[in-house]
Each structure stands twice: as C-alpha cells, then as structure tokens.
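Hi,

Here is the structure I promised to pass on. Have a look at it first, and my notes follow underneath.

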Amino acid sequence: MTWEQEAHSIREMARKNNEMYGDALPMIASENILSPMCQEMLISDFHGRYAEGTPGQRYYQGCRWFDKVETRGMELARRLFDCAYADIRPTSGTVANMAVFKALAQPGDKVTVLDTASGAHISYGKWGAAGLRGLELHTYPFDQEHMVIDVDGATKVIREVEPVLALFGQSVFLFPTPLEEVAEAAHEVGAKVVYDAAHVLGLIAGGQFQQPLKEGADVMTGSTHKTLPGPQGGMILTDTPREDAKWMKQLDWGVFPGVTSSYHLHHVAAKAIAFAEHLAFGRDYAAQIVANAQRLASELHDRGFGVLGADYGFTRSHQIVFRVGEKKGAWAAEQLEKAGIIANMNMVPEDEHPLYPSGIRLGVQELTRLGMKEPEMEEVAVFFQRVLQNREDAAAVRRDVVAFKKNHRSIQYCFHPGGDPYRFISLIQ
Ligand SMILES: Cc1ncc(COP(=O)(O)O)c(C=O)c1O
C-alpha cells in the first residue's frame, strides 16, 4: 500500500465507524454525541493553535479571538454550575483530577478514596493519577446494596486517616453520594473535599442529581463529554471566590503549567457552545435521561434481569447495572455488540476480577439525545431480552435494531443553525 492508500484506508475506517454507530444503539455510559455547532468548532482554525496561560496573559500572540471565547466559556460554565470559578482548560476528566492532585496535595500525602472495585475511577487508584502523584490511598467501605459509600465507615476512615484530600465520585454511579455527612468529617480534620462528577456533570447542571458544591465539596472535577454532551475534555469548578483563597492560584497552576501546555483550543470553543446549549436545553435533557434510565431499568427488571439497586428505584442517574451470570459480562457484551447494541461489561458487587465480571453497565444519555423517551426504552428492553435471554440469532436482532435506529438519528437538545446535523460525517464521506 502507498502512503496515500494508507491515508485513504484510515479515512475509510472512520467512515465505516460512523456507519456502525449510525446503525447501532450506543449505550456506553461515558459517551455522547456532539451537536452540529460543537462539531464545527472541532474543525475550526482553533484546532491548530496554542494559547498557553490565561486570557490576556499569553505566552504567544494571535490569541485575540480565543481570549474572548475562553473568557465567555468560563462565564457560561460559572452560570451553568452556579459557582464562582471554572477552569475549562483540562483536556479530560483525568487531567482535571491530575491538576487537582498536583495543586492540593504533595507526594506522600494521605487521601481517602473509594476503591475501583466498588466503582471508583482509575484516576484515584494506585496505577492512575493518584499513584502518579505519589499519594497514599486509604479506602472507604462501600454499601453494596445501595451502591454508595458506607457513611459511618467512611466517616470513621476520614477521622482516623486525617487525609489532605477526601475524594468522592464514581464511574459506576447509580445514586448520589451522601456528601454532607462525610464532607463535615473531612472539614473537621482539615481535608479538602473533591467530588469527581465526570459521569454526572450534565445531570448536576440540569438539576437532576446532587449539587456537590452546595453539599460540602470544595472542588468539583468532571468530563465534558458524558452526560454533559460537549467535546472530549474536562473542567474544574469551585465555589470559593478566587480572591478569597490562596489555593485558587495553586489550582490555576495545577492546570498550567502543571498538566497542560496547549489545551486544545478547538475543544475549549466547543465546550463553550456545549455550555450555552446545556443552559438552554439541559434541564429537559437531564430530566429525560433520568426518566429513561429508570424506565429501562424497570423494564429490564420486569423481564427478569438482575438490575442493581432494585430496593432504591434502580437508579437516579443515566446508568443502569445488571447481572448476567457469573463471569458472563464479556460474553453478554459481545452478544449485544453483534446485535448492534454497544455496552460494556462491568463488575458487580461479588466480582473479584475486572477482566471476568458478571454484569453489564448501560447509559441512556446518548439514546436520550437522539430523542428517545420512555416508550422507546420498552423497545430497547425487548432487544436485550431477545439477545441475552431468548438467545435469538444476533444478526436477526441486529436487523431490527438498525430499522429501529433509522427513526432516531437526529440530535436533540441543541441548536441547529441550518444544514445537516451530520455535517462532520459528510465532510469525510
Ligand atoms: C469518575 C470518573 N472520573 C474520571 C474519569 C475520566 O474521565 P476522562 O475520560 O474524561 O479522562 C472517568 C471516566 O469515565 C470517570 O468515570
């Protein structure tokens, strides 16, 4: 193959991937699709530029328009989260966490966390950002029935360990963290409370999940591409006014020069548009996400699936987790993919090894963005039943999934400035 053919073959793979996702039901809980206006930002000239520093204080020239975009983006973020300070530079949720660890803790400092087996993200693990910063990790006990931290146990750990940071937030995040109780204990021992809202950022902004900054969190980090349906990226929010806190400067420095150089200006511009769209549509979007998740969970439960959190209404977020049989998570995820449903295997409370889990995690945020409501959730549950319980031929189910998806291809809860909502796709066809 010539280099040109190589390039064309990569382009063709991207086209095929677009086609595959266009026909599928994407249900990975950490993903979403971009609005047409956000897509435009990704192919704008901002893509190739640098703007180290902060608006008005740059190391490079040529930032006149970007300074305005970033300033406006920060204002929109503060408005969206009703808080005093927003840093929208982190290039991902993990990078936002790294910046906070860099800013607020020193190597060898103690931090309290949930462990990854109970649903925490690898950023707080020994092998992730916390380990990279050399932090000493102490874990909270977990209430496996309710899928939240055990408040009494966590409070005890915080009082005994006296950490510098008490971290909260989960990747498997069905129910709000009982934050007020544990934050009080953390503040008593002088710890800062950090809440990682990666998954639920759009639900928080839409008023459908807990409000961490009002419940005791000093800092909130998150990803801008999950339930908050912007570009891949991260952000850091706090309610402590900049002028009141010395550590605000540390937070700023944690991001730059701490963990970023160029911070992907096209993503920052797309974030700003996503914030404006979420201010306009986020309340409706977040409410429909939670209603859809609850409906899908109860439809699955009624069909005999072992949905977690049954005693607590299954979920208060965009996520659902259900058991598929001991160590059968990988098998189930593969069968679903063959039928055109993209989901991931996930550990459930009895599991010991992340590679051999017994559950499936779902998120309905993307289906909701494509306009699906409660009646469609019933149809989706039937697809799961056909694949995993009736063991129907996956290709036959896939034909019906593709037909079903044909009616749900336009992106909702965003602005449509005229033109084709799949503009980015058509650019590479
Ligand atoms: C709780 C939590 N924090 C952080 C992250 C990392 O986010 P990102 O993929 O934006 O780095 C994730 C990813 O899903 C997550 O679940």
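Ser92 has a side-chain N or O atom 3.2 Å from an oxygen atom of the ligand. Thr94 also makes a polar contact, with a polar side-chain atom 2.7 Å from a ligand oxygen, and for Ser171 the distance is 2.6 Å, again from a polar side-chain atom to an oxygen of the ligand. (A polar contact is a pair of N or O atoms within 3.5 Å; within protein, one must be able to donate a hydrogen and the other to accept it, and residues adjacent in sequence count only if both atoms are side-chain atoms.) On its own the ligand exposes 390 Å², and the protein buries 86% of that (Shrake-Rupley areas, 1.4 Å probe).

Before you go further: this is a predicted model, where local features need pLDDT of at least 70, side-chain atom pairs count only at pLDDT 80 or more, and totals for chains, interfaces and linings use all residues. Residues are numbered from 1 along each chain as its sequence is written, and side-chain values use heavy atoms, with hydrogens and water left out.

Back to the ligand. What surrounds it? There are 14 residues around the ligand, and Gly93, Thr94, Ser171, Asp196 and Ser223 come nearest (near means a heavy atom within 4 Å). By type, the shell has 10 polar, 2 charged and 2 nonpolar residues, with Gly counted as polar and Asp, Glu, Lys and Arg as charged. Helix 4 (residues 93-104) gives the largest share of the shell, 3 residues; helices here are DSSP runs of H or I with at least four residues, strands are runs of E with at least two, and both are numbered from the N terminus.

Away from the ligand, I found 13 aromatic pairs (Phe, Tyr or Trp rings, six-membered for Trp, with centres within 6.5 Å; planes under 30 degrees apart are stacked, over 60 edge-to-face, the rest tilted). Tyr50 and Tyr60 form an edge-to-face pair because their planes are at 80°, with ring centres 5.9 Å apart. Tyr50 is in the loop between helix 2 (36-42) and strand 2 (53-54), and Tyr60, 10 residues apart from it, is in the loop between strand 3 (57-58) and helix 3 (64-81).

Two backbone oddities to finish. Most residues other than glycine have a negative phi, and most peptide bonds are trans. Asp82, in the loop between helix 3 and strand 4 (85-87), has a positive phi of about 50°. Phe256 and Pro257 are joined by a cis peptide bond, with omega about 10°, and Pro257 lies in helix 9 (residues 247-259).

Cheers
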